[in-house]
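Dear colleague,

Please find below the structure I promised to pass on to you, together with its sequence. My notes on what turned up in it follow underneath.

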Amino acid sequence: MITIEETSELKLDFNKISSMIEQKVIPVAVQHVDTKEVILVAYTNEQALLESIKLRRLVLWSTSRNELWHKGKTSGNEFELKEILVNCEQNSLVYKVRPLNGNICHTSYQGVANNCFYRRLNMDSMKLINLNEEAPTIYHEH
């Protein structure tokens, strides 16, 4: 069975936010401090934020398990928290992090770590294209 992480079919979860209605969380974009890549988008609550600050590690709130998510605690693929940016309305954050070792995401391509944004949407076919399997796209300004 092909999991959502492996499919080329677009299956966006438009119910994610509504399923978290009782949880007091805000979104966090996690960015690699050196490469500027967006690694993942997740959620934090006050407890996870304070734990991240205390440990200087990436700690998020798992909305599916309803518990603290110490990124890399079981895999050893931890992230050092370098900086936190707060948006104007104070309802979302950017965590700038540095991977300490191992994979960035639980996915990989031929044994090489991905970040979580490894697929591009082909807007004509509405299929997902694995960026590891296509030639780099050059964008030209008109």
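On the surface of this model, which is a predicted one, Val 38, Val 41 and Phe 117 form a nonpolar patch, and together these residues have about 260 Å² of accessible area. Of these, Val 41 is placed in strand S2, which covers residues 38-44.

As for the overall make-up, the protein has 10 strands and one helix, and the order of the elements, read from the N terminus, is β-β-α-β-β-β-β-β-β-β-β. The accessible surface comes to about 10000 Å², with 53% of that belonging to carbon and sulfur atoms, while 28% of the 142 residues are buried. Among the contacts with a separation of 6 or more, 41% are accounted for by residues 24 or more positions apart.

Turning to the interior, which residues form the largest nonpolar core? This core has 12 residues, namely Val 28, Val 30, Ile 39, Leu 40, Ala 42, Leu 58, Leu 60, Phe 79, Leu 81, Leu 93, Tyr 95 and Val 97. At least two residues of the core come from each of strand S1 (26-32), S2, strand S5 (79-86) and strand S6 (93-99). There is also a second, separate core of five residues, including Tyr 43, Ala 48, Val 59 and Trp 61. In soluble globular proteins, nonpolar side chains tend to be buried together. To take one member of the largest core, Leu 93 touches Ile 26, Pro 27, Val 28, Ala 29, Thr 44, Leu 49, Ile 84, Leu 85 and Val 86, if residues up to four places away in sequence are not counted.

Two further residues deserve a separate note. Gln 31, which is found in strand S1, counts as buried because its relative accessible area is 17%, and the cut-off for buried is under 20%. Once its neighbours within four places in sequence are left aside, Gln 31 is in contact with Lys 36, Glu 37, Val 38 and Ile 39, and also with Val 94, Tyr 95, Lys 96 and Val 97; Val 38 is one of the residues of the surface patch described above.

Leu 128 lies in strand S10, residues 127-130, and is likewise buried, with a relative accessible area of 17%. Not counting residues up to four places away in sequence, Leu 128 touches Thr 7, Ser 8, Glu 9 and Leu 10 as well as Arg 119, Arg 120 and Leu 121. From C-alpha to C-alpha, Leu 128 and Tyr 118 are 9.6 Å apart in space, and they are 10 residues apart in sequence.

With best regards

Definitions and conventions:
Residues are numbered from 1 along each chain as its sequence is written. This is a predicted model: local features need pLDDT of at least 70, side-chain atom pairs count only at pLDDT 80 or more; totals for chains, interfaces and linings use all residues. Side-chain values use heavy atoms; hydrogens and water are left out. Patches are made of residues with over 30% relative accessible area and no salt bridge: like charges are joined within 9 Å, nonpolar side chains (Val, Leu, Ile, Met, Phe, Trp, Tyr) within 5 Å. Accessible areas come from the Shrake-Rupley method with a 1.4 Å probe; for residues, only the protein chains shown count as cover. A salt bridge is a side-chain nitrogen of Lys or Arg within 4 Å of a carboxyl oxygen of Asp or Glu. Helices (H or I, at least four residues) and strands (E, at least two) are DSSP runs, numbered from the N terminus. Buried means under 20% relative accessible area, exposed over 50%, partly exposed in between (1.4 Å probe, protein chains only). Contact means heavy atoms within 4.5 Å. A nonpolar core is a set of buried Ala, Val, Leu, Ile, Met, Phe, Trp, Tyr and Cys residues joined through side-chain atoms within 4.5 Å.
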